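I'm opening a fresh notebook page for this one. My plan is to look things up one at a time and jot down what turns up.

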Amino acid sequence: MASSTTTLSDLPDVILSTIFSLVSDSRARNSLSLVSHKFLALERSTRSHLTLRGNARDLSLVPGCFRSISHLDLSFLSPWGHTLLASLPIDHQNLLALRLKICFPSVVSLNVYSRSPSSLELLLPQWPRIRHIKLLRWHQRASQIPIGGDFVPIFEHCGGFLESLDLSAFYHWTEDLPPVLLRYADVAARLTRLDLLTASFTEGYKSSEIVSITKSCPNLKDFRVACTFDPRYFEFVGDETLSAVATNCPKLTLLHMVDTASLANPRAIPGTEAGDSAVTAGTLIEVFSGLPNLEELVLDVGKDVKHSGVALEALNSKCKKLRALKLGQFQGVCSATEWRRFDGVALCGGLQSLSIKNSGDLTDMGLVAIGRGCCRLTKFEIQGCENVTVDGLRTMVSLRRKTLTDVRISCCKNLDATASLKAVEPICDRIKKLHIDCVWSGSEEEVEERVETSEANHEDDDDDYERSQKRCKYSLEEEHCSTSDGNGFCSEDRVWEKLEYLSLWISVGEFLTPLPMTGLDDCPNLEEIRIKIEGDCRGKRRPAEPEFGLSCLALYPKLSKMQLDCGDTIGFALTAPPMQMDLSLWERFFLTGIGSLSLSELDYWPPQDRDVNQRSLSLPGAGLLQECLTLRKLFIHGTAHEHFMNFLLRIPNLRDVQLRADYYPAPENDMSTEMRVGSCSRFEDQLNSRNIID
């Protein structure tokens with residue numbers, strides 16, 4: 001009997017559909033669709049998410065085979081940031097909107113850049129059963145739009161099914177939303193998700209507005225809002241507002257309340273004069289009692305919350321489903337006064353993600369207590385905690401070696417780059433995501449000396465014999481782990497086997513070249529890196545070396561994606577004073593060596609001149625980017641001259657390029673020498689006319 005060969009296509013369609021639905025990469029799905037007619041039909045029927053790129057004038061060319069798409073993103077259509085189809089005649093606009101409905105009849109989730117309400121008036125009638133809408137706008141709100149005018153089309157056309165509204169990237173006035181929610185009370189009552197965590201706010205939502213919104217939306221399960229906790233401001237958020245949120249929305253499973261100052265400057269470390277907030281531990285206990293279904297909580301207050309440990313102990317008993325917690329400016333999160341007894345956040349044993357920011361009294365012993373108590377932690381972030389040292393964090397990481405895979409360390413005085421890597425060394429064979437600050441202030445010998453001094457101080461100050469014995473036990477375990485090859489990590493030969501994502505912060509004027517020498521030289525599976533360069537170039541002299549050091553990243557064999565963020569690098573866009581460099585020379589310094597990397601995707605934020613609100617790609621920057629011969633996707637988060645963009649056409653396989661001014665305030669009008677709508681169209685036409693090999 002002849003043997004028959006069984007292939008993947010012989011599996012039942014139900015099983016194949018399940019397999020296909022688990023494939024998220026667009027290029028992989030496109031490859032699957034080319035195998036056979038059967039695979040093509042299955043791929044199209046299981047694809048639910050689609051982001052449209054290209055020019056909005058060409059929407060008539062959209063194929064009609066993606067009829068199962070339920071989540072459609074139109075926010076990246078070119079020209080980016082302009083009112084959708086505004087350059088076309090009215091009858092053409094209606095026809096193209098109808099074309100979108102015919103091609104994507106099953107849409108229930110829509111993302112759109114809404115510069116004016118006309119875009120929503122055009123699109124929303126096509127899909128009356130939409131349940132989720134995300135609006136984007138980085139441009140200033142037009143003054144001629146009436147109060148609430150941006151949101152009326154949503155509640156008019158999608159009121160019967162609307163469940164979720166995301167305004168996190170949509171600049172608006174805080175007084176726009178509450179009247180619309182009151183006017184359409186039945187629609188507001190059906191909302192289960194409302195995201196108002198808008199980073200472009202200066203003061204955020206006022207206390208009365210938050211109370212009004214939560215009264216109008218009693219069934220919210222997911223509520224995120226930017227507000228002001230500073231008692232010096234009018235209608236600040238305090239005890240009364242927090243109590244009202246818990247009373248008005250008892251079904252909340254996710255609550256994010258973030259001070260606008262923290263959104264504007266997330267790395268700020270308040271001084272001793274920062275002052276106290278109007279949030280008390282007693283009110284927090286009441287809030288936690290009123291939200292028993294809470295699973296994720298973010299309270300980034302920006303002002304000190306004193307004696308919070310008692311409230312956090314209640315959080316464990318009142319919110320038993322809590323899995324993610326982020327606390328900003330909370331003092332007393334874990335005092336660890338007794339070894340046998342946990343206190344504060346250490347009692348929250350069900351937490352899987354914990355972030356502690358600017359907790360001035362958190363010590364090494366508090367970290368160790370958190371490591372012992374929070375036994376399910378997979379993600380841990382610590383920021384601005386000046387009393388934490390490398391030995392405390394290393395012990396905590398050792399305790400959670402079996403679970404931790406994501407660690408972020410930033411703004412901690414005693415944790416420079418070398419110390420941070422030494423602290424996470426016990427999980428170097430397990431960690432998948434890591435953030436550190438590239439502060440090269442101390443050598444490894446200085447870090448060792450600081451560790452030994454800290455350990456000696458702990459032993460001198462500790463009067464409790466049992467606690468001393470426990471600490472010695474953990475220290476011995478750490479010492480064994482750091483020298484034993486059998487445990488998979490060694491201080492002399494670290495291999496970051498599973499590290500896939502690396503995030504770095506570095507001050508302007510510093511170099512990236514010392515990074516491999518700190519112990520990050522062996523990352524065989526690192527695929528993506530994010531580098532944020534921050535600081536004021538004005539007043540700084542020319543760096544001693546000609547390049548920032550991107551070429552040192554060539555030692556990572558699988559590195560293919562990069563986010564290079566110079567957006568918070570401030571300098572002179574035009575003529576700089578004597579002995580200083582303008583932004584074009586700084587851009588050359590940052591980008592030199594990028595051509596030696598085998599990148600396929602690059603997001604780049606050019607440096608800026610805030611005085612003239614300009615973030616523009618310079619001539620040296622364009623010349624260096626054209627050396628990235630392996631790029632397929634390039635997104636420049638700023639503006640550029642048309643002839644500079646033409647340099648990029650020399651990259652052979654470049655398929656997707658876009659200018660996105662996704663910062664506030666985005667340039668309102670096209671500058672005389674910057675990219676205009678016509679310039680963008682001409683560049684895209686040249687890009688799309690090329691023959692792409694693959």
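**Entry 1: aromatic rings.** A note to self before I start: this is a predicted model. I began with the aromatic residues, and one cluster caught my eye: Phe511, Phe548, Trp586, Phe589 and Phe590 belong to it together. Then I looked up the count of aromatic pairs, and it comes to 13. I picked out Phe644 and Phe647 for a look at their geometry, with ring centres 6.4 Å apart and planes at 55 degrees. Planes under 30 degrees apart count as stacked and those over 60 as edge-to-face, so this pair goes down as tilted. I also checked whether Phe644 is buried or exposed. Its relative accessibility is 10%, and the cut-off for buried is under 20%, so Phe644 counts as buried.

**Entry 2: charges over rings.** Next I wanted arginines sitting over tryptophans. I found Arg372 with its charged end over the ring of Trp339, 4.1 Å from the ring centre. I also noted Arg530, which lies over the face of Trp605 at 5.2 Å from the centre of that ring.

**Entry 3: two helices.** How do H2 and H3 pack? I have H2 as residues 26–33 and H3 as residues 37–46, with an angle of about 145 degrees between them and their axes 7 Å apart. On the H2 side I listed Arg29, Leu32 and Ser33, and they meet Phe39, Leu40, Glu43, Arg44 and Thr46 of H3. Sorted by class, this contact has three nonpolar, two polar and three charged residues.

**Entry 4: a covered strand.** I moved on to strand S22, residues 656–659. Which of its faces are covered? Both are: Asp656 and Gln658 are buried on one side, and Val657 and Leu659 are buried on the other. I then looked up a pairing and found strand S20 (residues 633–636) running parallel to S22, with four bridges between them. One partner I wrote down is Leu659 in S22, which bridges to Ile636.

**Entry 5: Ile370.** Last, I followed a single residue. I located Ile370 in helix H14, which covers residues 364–373. Its relative accessible area is 0%, so I put Ile370 down as buried. What does Ile370 touch, apart from neighbours within four places in sequence? My list reads Cys334, Val345, Ala346, Leu354, Ile356, Leu362, Leu377 and Met396. I also checked Ile370 against Ala419: they are 49 residues apart in sequence and 20 Å apart in space, C-alpha to C-alpha.

Notes: Residues are numbered from 1 along each chain as its sequence is written. This is a predicted model: local features need pLDDT of at least 70, side-chain atom pairs count only at pLDDT 80 or more; totals for chains, interfaces and linings use all residues. Side-chain values use heavy atoms; hydrogens and water are left out. Rings of Phe, Tyr and Trp (its six-membered ring) pair if their centres lie within 6.5 Å; planes under 30 degrees apart count as stacked, over 60 as edge-to-face and the rest as tilted. Buried means under 20% relative accessible area, exposed over 50%, partly exposed in between (1.4 Å probe, protein chains only). A charge sits over a ring if NZ of Lys or CZ of Arg is within 6 Å of the ring centre and within 35 degrees of the ring normal. Axes are lines fitted to C-alpha atoms, for helices over the stretch in contact, and angles run from 0 to 180 degrees between N-to-C directions. Contact means heavy atoms within 4.5 Å. Ala, Val, Leu, Ile, Met, Phe, Trp, Tyr, Cys and Pro count as nonpolar, Asp, Glu, Lys and Arg as charged, and the others, Gly among them, as polar. Two strands pair if DSSP finds at least two bridges between them.
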